[in-house]
Amino acid sequence: MAKTIGQEFVKGLWEEIPPFRLVLGLCPTLAVTKSVENGIGMGLATTFVLVCANLLVSILSGIIPSKIRIACFIIIIATFVTVVELMMQAYAYQLFQNLGIFIPLIVVNCIVLGRAEAFASKNKVIPSFADGLGIGVGFTLSLTAISAVRECLGNGTLLGYSIFGPAFEPFSFMVEAPGAFICLGLLLCIMNLVGQK
Amino acid sequence: MGDYMVLIVSSMLINNIVLAQYLGICPFIGTSKKMETATGMAGAVVFVMTLAAIITWCIDTYFLKTLDIEYLRTIAFILVIASLVQFVEMFLKKSIPALYAGLGIFLPLITTNCSVMGVCLINIQEEYTFLEALTSSIAYALGFGLALILFAGVRERVILGRVPKPLQDTSIGLVTAGMLALAFIGFKGLV
Amino acid sequence: MMKRPFFGIATPKLKYDVIEDVQPEPVTVQPKQRVTLFIEKAYDRADKALIKKGAAVVRGQRLQLFDEDPAAYAICPVSGVISEISPFIGMMEKQMTAVVIDTESDREDDRDTAFKEVSGTPSIEDAARFLGRLPGKPDFTQFTDADRMVKTIAVLGADQDLQSITGQYIIKTGISSVKTGIDILRKITGVQNIVLVVAQHQVQVAGTAAAGVRSVGAHYPSAHPEMIIRHLLAEQAEQGQIAFLTAEAVAGIGAAYNTGELPLEKQITVAKKDGTRQLVTAPVGTHAADILDAVNEQIENGDRLIMGGPMTGDAVYSLEHPVEPDTEAIMVQDKETIVEGTDTPCTNCGECVRICPANIPVNELVRLLDAGEYEQAAEQAALFSCIECGLCAYVCESRIPIFQFIRLAKHAVKRMRAAEEANA
Amino acid sequence: MPNPTKLTVSHAPFLHDGSEISNKQYNIIAATLIAVIAGLLQYGIPALGVLTLSVGSAMAWELLMNLLTRRPVSIGDGNAALIGLLFAMLLPAVVPWWLVVTGTFVAVVIGKQIYGGIGGNPFNPVVVAYAILMISWPMFLDFNAALVDYQFDFTAGFPLVLYEAYGTAGLESFSPGGLLLGQQAGGIGATFGLGLIIGGIYLILRGFIRWEIAVSFLAGIFITALCFNLYNPEVYAGPVFHILTGYALIGAFFLAPEDSSSPVHFAPMLIYGLLGGFLTVLIRNLGAHVDGVIYAILIINLVHPIIDKIRPKAMRRVMHHA
Amino acid sequence: MREMVKMVIVLTVLSSLSGGLLAALKNNTQDRIDSQVLTFVKGPAIENILEGANNDPVNDRFSLKVEGEEEERNFFVGVYDGNPKAVAFETRASGYGGDMGVMVAFNVESEEIMGVSVTTHNETPGVGATVETDTNFKNQFAGLPADAEPRVKGDGGSINAMSGATITSRAVCKAVSRATDLYQQLQSQIKDKVKTFTG
């Protein structure tokens, strides 16, 4: 049941969109979605790691002995995470500050290791690339959506611009930790509702 | 002594690793459907997190910092944690089979439990001394265990309720976790 | 419906009826045209059946369904002709056979003599063969089961369910037969320790039966066998070592061996709509309709007819339902007073937990059952500790039919486990 | 010839003590009345507005959720109305309308309905709603600010705020008798202590709330406050003050004993209440929050499934009997 | 055996590749990262307390060696109307939620504290964290002499603590005291260096 490259890409946007369908990578999803800016930043960083790791893993999958494959995957992923970390420090320091330890923690994001293990190590380079990109973009979209909801309600702004006018009293619960959990839970419910039909 | 009290209460309750710092949420949601699995996971995390925090602290202080290669921290820590988990698994299997029977299946999951790596990084970030790092990581681990076990208690009950279909499972789990976090806000300022 | 007291701080208590408060003279009822008997065996091979439609039968005759199963039989209470044999599904999908006998009044005095021939030398085998369907339904398998070493026999002279005074009536009027029965039981079972369990006010009467006497409390369910084991006989024997027989059954055993004839008349308490009780004596197999006619009780559409007491009995859908050997009471409930069960979820008020005599976490149990987690209920929530007293459903604020849930769950778990064993 | 009478067939037991959910809810509503009426007399028309809006919107949310989830309409059982009422009792008399509506939405929909309606919620919906609002809009729930336009013939301050800011020195103008009669600022239905106590005793006597929880909750407050007070009477107020201020009484009688979120066994109920009282005083004396009752109740709600496992062992397995 | 060798080789090669790549990257980005850290971590605090300076204090900095410390400390100079009269540097003290960084600015001419600003902290949101924005609290330090040792009122000093956040307030006082100590210690060196920055 071979899928085309396009299908590999598209499945990450809906069928297997993390974290809604693949319930993985919840920590960054909750932690960094206080504002849309952070959400997109985190999404892009993860996408970069995903794509690079998928590429390299699928290239090297023939060479790596299966016993130490997890260790190798971890080295590969950790390398790219450090690349992101350094680049972000150099060129987007404020974002780096906002995302804090969640940048190094991309390394333990189950999505990344999961894709390397479940997909890239068994597939050719181009499908792996498409898969990584699709899942990454899907993740970015999800983070953007969640952070849009939270920023709108919790702060009354979107990407920093006020949208409800000054009379709006922000529902600041949404940007606090409990609000993050409840917001994601309810969005998941909406996704399930949409998926049913 | 008082400082350590403050550190313990703040790491365990106020800045709870799951409910306030958003770390380790995947296993938190994943292993909380049954009390047995929750206690198993909690035990495994306490064990591994404490060990990992001590080892990574030493590596960071005596190796990375002295060689001035702190930028390799991420890669070093993850390798340490991954091999530590492997080692602990082999060790338990051989020498303490009873404990292995209880914790065994949770150990591999811990590699991708970001709370372990997270606590190691926090210890470095906060520039804790060795003793502080040890205290805080035990307190964080106990906080994780406490939250997980309390959550499992509530969740066992919620699962049996008549939750509407689209909300079932993870969805209602997250909402309930939110209420847990809400309750933990009550500990704010308590030291 | 019984009213919850205005001051509800303590758990409600349900009091057993006391015979002194009730009109004690029983009305004797004769079946009008036909009787129905149940045999506890599926009627699946009509061609192999030992009894046939159209066959003439006489009083006291033993009707065994199939050759290979001597335990599945009924005792014919009248003389007449078998007019129908059909499968019957009882509670919990129990497969049974219903035998309908048209009475023939001209042969009223005919008697079967098979038991008389063996009654000279009492033995447990003959008792199991002929006396297992006596009024009160003594279970002789308790003594033949190889897994159980019965050390104590408890003769139950107190009534298990509310509103029934049948057991008390037997103690009051038939204590000498009970005494004879106890003596015979000692002989045929070899069990020497026999205690008589009666209501508080009957201890004196019971003392004349020359056995150890124990009295039960005034509140439901203290006369339940499990409660008796727990509170009265705990020091005497382990759970499986106590056998229970009703006083009526023991009296019947005594009478049977004394006279050589099987007693066929059952004592029944009829609880009427207006709240009064009436004792009735009627042959096993008599239809409820005949009994209600005799006590002038009108029953209308929507009313409820209950075979057994209000807490543990079975509601039946037909007035043709017969009196069975273990039917202690018949209750009629006006449709106005019926409290319907609902589908509301448990609110966790905890009334059930506080009233449960077996300390079951009913709130947890009912949630597990609502979610269909039967196995888990058996493991975690003590499903099989339930003594089936019905008190949880009595106090349930959400009006959940908890008792029925529990019965169904037990049934389902047993069936699942049986299926597993069969596969293993 | 079958008898044509159609009988009702159902399952044992055939008796019922007649208790029902709605009866309990309406009795609890009735028990709040004294405190609510006292609150209305004190705060006038705005309080009535808040009260009616809260009850009305709570019922509307319940109805809406019934329709959305295609379940039987359950507003008749009075639970939604009770949630709305209790929620309003916690609020200051002057709050924006949208705050009330949002609060009842959180209480009824997030607190209760998504868990499957009555009996499913692991946390008290009213407390959840109030805690969420307190995080979001603390300025509207600050009694001293909200009640600034009122003129009273007593010190119109929220005692706990004064306590937080000035310690026991801030409490000189409050007497226990005055506090009991509602001479303090606070929630619409939470200030008139006497009314709450009478209502609570009524509910206990009628068996609608579990006395173990209410009594042990108050005992927990009393003991803990006494310990603090004895340790340092200069800084920490006495137990009577703690019991008569803030949400302590409404918490003990109306919030903590909520059926679905509290334990049912005897020892767990005592632990639950004592822990709640202990946390209340701890948070008030040491924590960052002004009133500890709300968070204390959330925390004990959270631990209730676990402490409820401390229970007498069930009777041994029943063998089958004849 | 062959597999074993292969495993070792693969791991070694992979690790060294990764290490090399990262080392190269690190070297190329080091300078940029340093200036980014200064701009974003210290920048806002410096701009806050050296308000009105004509220069960019983050760029106009010098470093001095402090006795007993390994690394050199950064000092930021504020030039007002062509006159380099202000110097700011950071000290640390332990607050409620861990270490707290406080930037303190001195007027080298009048020997007074010009202002105080918090750079990094980990205080409880809503309580100690108001230290970021609570100008009333911080304004109390401005104008104190450069050898002052401020204390909160509860400890016998003159500073009003922020309500409900005594520990945080105390930590700020502690950090300011450390700054005045350091300033006294390095006064002459600082004055010499500052003079070199003329707008």
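## Chain C

Of the 424 residues in chain C, 57% are buried. The model described here is predicted. Chain C contains 13 helices and 16 strands. Its radius of gyration is 22 Å, and the globule rule gives 22 Å for 424 residues, so chain C is as compact as a globular protein of that length.

Taken along the principal axes, the box filled by the C-alpha atoms of chain C is roughly 60 × 55 × 45 Å. The surface that chain C exposes comes to about 17300 Å², and 49% of this is supplied by carbon and sulfur atoms. If only contacts between residues at least 6 apart in sequence are counted, 68% of those in chain C join residues at least 24 apart.

## Chain D

Chain D has 14 helices and zero strands. Its pattern along the sequence is therefore written with α alone: α-α-α-α-α-α-α-α-α-α-α-α-α-α. For 322 residues, a compact globule would have a radius of gyration near 20 Å, and the 21 Å of chain D agrees with this. The C-alpha atoms of chain D fill a box of roughly 90 × 45 × 30 Å along the principal axes.

In chain D, 64% of the 322 residues count as buried. The accessible surface of chain D is about 11400 Å², and 70% of that area belongs to carbon and sulfur atoms. Among the contacts in chain D with a separation of 6 or more, 77% are between residues 24 or more positions apart.

## Two helices in chain D

Helix H3 of chain D covers residues 79-90, and helix H12 of chain D covers residues 248-255. These two helices pack at an angle of about 170°, and their axes are 11 Å apart. An angle over 145 degrees counts as roughly antiparallel, which is why H3(D) is described as roughly antiparallel to H12(D).

On the H3(D) side, the residues that meet H12(D) are D:Leu86, D:Met89 and D:Leu90. Their partners in H12(D) are D:Ile250, D:Phe254 and D:Leu255. The residues of this contact comprise six nonpolar, no polar and no charged.

## How the chains meet

Eight pairs of chains touch, and the pair with the most contacts is chains C and D. Chain A and chain C are not joined by any contact, and their closest C-alpha atoms lie 21 Å apart. Chain C and chain E do not touch either, with their nearest C-alpha atoms 37 Å apart.

Key
Residues are numbered from 1 along each chain as its sequence is written. Chains are lettered from A and ligands numbered from 1 in the order in which they are written. This is a predicted model: local features need pLDDT of at least 70, side-chain atom pairs count only at pLDDT 80 or more; totals for chains, interfaces and linings use all residues. Side-chain values use heavy atoms; hydrogens and water are left out. Axes are lines fitted to C-alpha atoms, for helices over the stretch in contact, and angles run from 0 to 180 degrees between N-to-C directions. Helices (H or I, at least four residues) and strands (E, at least two) are DSSP runs, numbered from the N terminus. Angles under 35 degrees count as roughly parallel, over 145 as roughly antiparallel, 65 to 115 as roughly perpendicular and the rest as oblique. Contact means heavy atoms within 4.5 Å. Ala, Val, Leu, Ile, Met, Phe, Trp, Tyr, Cys and Pro count as nonpolar, Asp, Glu, Lys and Arg as charged, and the others, Gly among them, as polar. The radius of gyration is taken over C-alpha atoms; the globule rule is 2.2 Å times the number of residues to the power 0.38. Buried means under 20% relative accessible area, exposed over 50%, partly exposed in between (1.4 Å probe, protein chains only). Accessible areas come from the Shrake-Rupley method with a 1.4 Å probe; for residues, only the protein chains shown count as cover.
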